Amino acid sequence: MIKLILSSLPLFLTSFFALAQTGGQSSYDFLNLNANARIAAMGGNLISVKDDDLNLFSQNPAALNPSMNNQLVLNYVPYFSKVNYGYAAFAKNFDSIPGTFALGVHYVNYGTFTRADETGQVLGEFSAGEFALNIGYAHQFGKDSIFSVGGNLKTIISSMESYSSWGVGLDLAGMYQSKKGFTASVVLKNIGAQFQSYTRGNPEALPFEIQVGISQQFAHLPFKISIIAHNLQKPNLRYEDPNNQAPTIDPLTGEEIKEKKYIGDNIMRHFIFGGEFAPGKRKIFSLRIGYNYMRRQELKVDTRPGTMGFSWGIGLKISKFRFSYARAAYHLAGASNHISISTNISDFHSKEKPAPNE
């Protein structure tokens, strides 16, 4: 796996020059849809946490570790307008190979649409969907395995009516975890290229992104806080409508209007904040909350901002299963509901009873 990743790097890096982009300026943006309830509840990104939750692999391949061995996770989101998407993954350790491997599938189903010609005559129906097959690997090293590196190789397939496309992406990550509950990570997401475009001769970029995250578990309080900086490859995340440009000359005085600076706003658009309250060593119950500043600024209605950009969720462990639910407010039109379930296959194996003493 490591040799495959290293040998693929030159190919992927050639696409860097066209990748300083955000949503709406690249293909396969469904890769940025997060299906997991825990991650959604904490703002939609959680690259800075490392524990035994395999769902973290979808955000940060370096989070893979031996405690995830034989874990199976299933996630589902009934999205807006009958769109639905989900994510499933399984992790495995091998005695003969150091490190942890994972296999994941990410899909989105856009539903069924009416096919019509230019005159409005109905000709039937068509469907649209996309999915990505992920193969991940992570290795722990250093004293007490405080450092880890990982990679996630993705084969991406998209089908829109009679148009189809496929490409390959790669996530690379590094992570540091201290004994005092501090974690820091760096993730390069969606390095890659589109090998078959929807229309010949018109290749599109992948949604490349640089992310940095930190997390701190408090020593005497069962609470963890996370701060994520995203889209660091693009300093300015503000969108300026070319059809709605502000006047540069005051019509009354004829004086030049100084351009308004949005330094603070632009800095904050890069940050996502999350917190998780999980009392007890077994963490049977957990409460989560998050705030995504950029989501709030882009999707709120000025007259009724409400809770746009905020998210919350709960987690519950029952017997051999973990259940999670999250609700993230996007717009006055509605919010997304995330449902997740995970279990460890090893927990279902019957343990041999010790032989009675003779």
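Here are some friendly notes on this structure, which is a predicted model, taken point by point.

1. Overall make-up. The protein has four helices and 14 strands. Of its 358 residues, 42% are buried. The protein exposes about 19800 Å², and carbon and sulfur atoms supply 61% of that area. If you look at contacts with a separation of 6 or more, residues 24 or more positions apart account for 56% of them.

2. From β3 into β4. Strand β3 covers residues 97-116 and pairs with β4 in the antiparallel sense, over 16 bridges. To find your place in this pairing, start at N109, whose bridge partner in β4 is G129. The two strands form a hairpin with five residues between them, and G120 in the turn has a positive phi of about 95°.

3. From β4 into β5. Here too the pairing is antiparallel, and it runs over 14 bridges. I135 has L153 in β5 as its bridge partner. The hairpin of β4 and β5 has five residues between the strands, and G142 takes a positive phi near 90° there.

4. From β5 into β6. Strand β5 (residues 147-160) and strand β6 (residues 163-177) are antiparallel partners, with 14 bridges between them. One pair to look up is G150 with A173, its bridge partner in β6. This hairpin has two residues between the strands, and the residue with a positive phi, near 55°, is E161.

5. From β6 into β7. Strand β7 takes in residues 182-196 and runs antiparallel to β6, joined to it by eleven bridges. L172 stands opposite L188 in β7. Four residues lie between the two strands of this hairpin, and G181 in the turn has a positive phi of about 90°.

6. A glutamate to check. E130 is found in strand β4, which spans residues 122-141. Which side chain of opposite charge is nearest to E130? That would be K154, but K154 is 12 Å away, and E130 is buried without a salt bridge. What the E130 side chain does have is a polar contact with the side chain of Y110, at 2.4 Å. Leaving out residues up to four places away in sequence, E130 touches Y28, F30, H106, Y107, V108, Y110, I157, S158, M160 and Y198.

7. Where K154 pairs instead. Side chains of opposite charge can pair when their charged atoms come close. K154 forms a salt bridge with D171, and the closest N and O atoms are 3.0 Å apart. This pair links distant parts of the chain, with K154 in strand β5 and D171 in strand β6, 17 residues apart. Are these two residues buried or exposed? K154 is buried, and D171 is buried as well.

8. Salt bridges elsewhere. The count of salt bridges comes to ten. In one of them, the side chains of D53 and R38 meet at 3.1 Å, N to O. D53 lies in the loop between α2 and β1 (71-78) while R38 is in helix α2, so the pair ties together parts that are 15 residues apart in sequence. Both D53 and R38 are buried.

9. A link to helix α3. R238 and D265 form a salt bridge, their closest N and O atoms being 2.7 Å apart. R238 sits in the loop between β9 (223-229) and α3 (263-268), whereas D265 is in helix α3, 27 residues apart, and the pair links these distant parts of the chain. D265 counts as buried because its relative accessible area is 14%, under the 20% cut-off. As for the wider picture of charged partners, salt bridges that share partners join R38, D51, D53, E276 and R288 into one network.

10. An asparagine in a loop. N32 is found in the loop between α1 (2-13) and α2 (37-41). Why does N32 count as partly exposed? The reason is its relative accessibility of 38%, which falls between the 20% and 50% limits. N32 and K189 are 157 residues apart in sequence, yet their C-alpha atoms are 9.5 Å apart in space. N32 also touches N190, P207 and E209, again not counting residues up to four places away in sequence.

How values were computed
Residues are numbered from 1 along each chain as its sequence is written. This is a predicted model: local features need pLDDT of at least 70, side-chain atom pairs count only at pLDDT 80 or more; totals for chains, interfaces and linings use all residues. Side-chain values use heavy atoms; hydrogens and water are left out. Buried means under 20% relative accessible area, exposed over 50%, partly exposed in between (1.4 Å probe, protein chains only). Lys and Arg count as positive and Asp and Glu as negative; His and the chain ends are not counted. A salt bridge is a side-chain nitrogen of Lys or Arg within 4 Å of a carboxyl oxygen of Asp or Glu. A polar contact is a pair of N or O atoms within 3.5 Å; within protein, one must be able to donate a hydrogen and the other to accept it, and residues adjacent in sequence count only if both atoms are side-chain atoms. Contact means heavy atoms within 4.5 Å. Two strands pair if DSSP finds at least two bridges between them. Accessible areas come from the Shrake-Rupley method with a 1.4 Å probe; for residues, only the protein chains shown count as cover.
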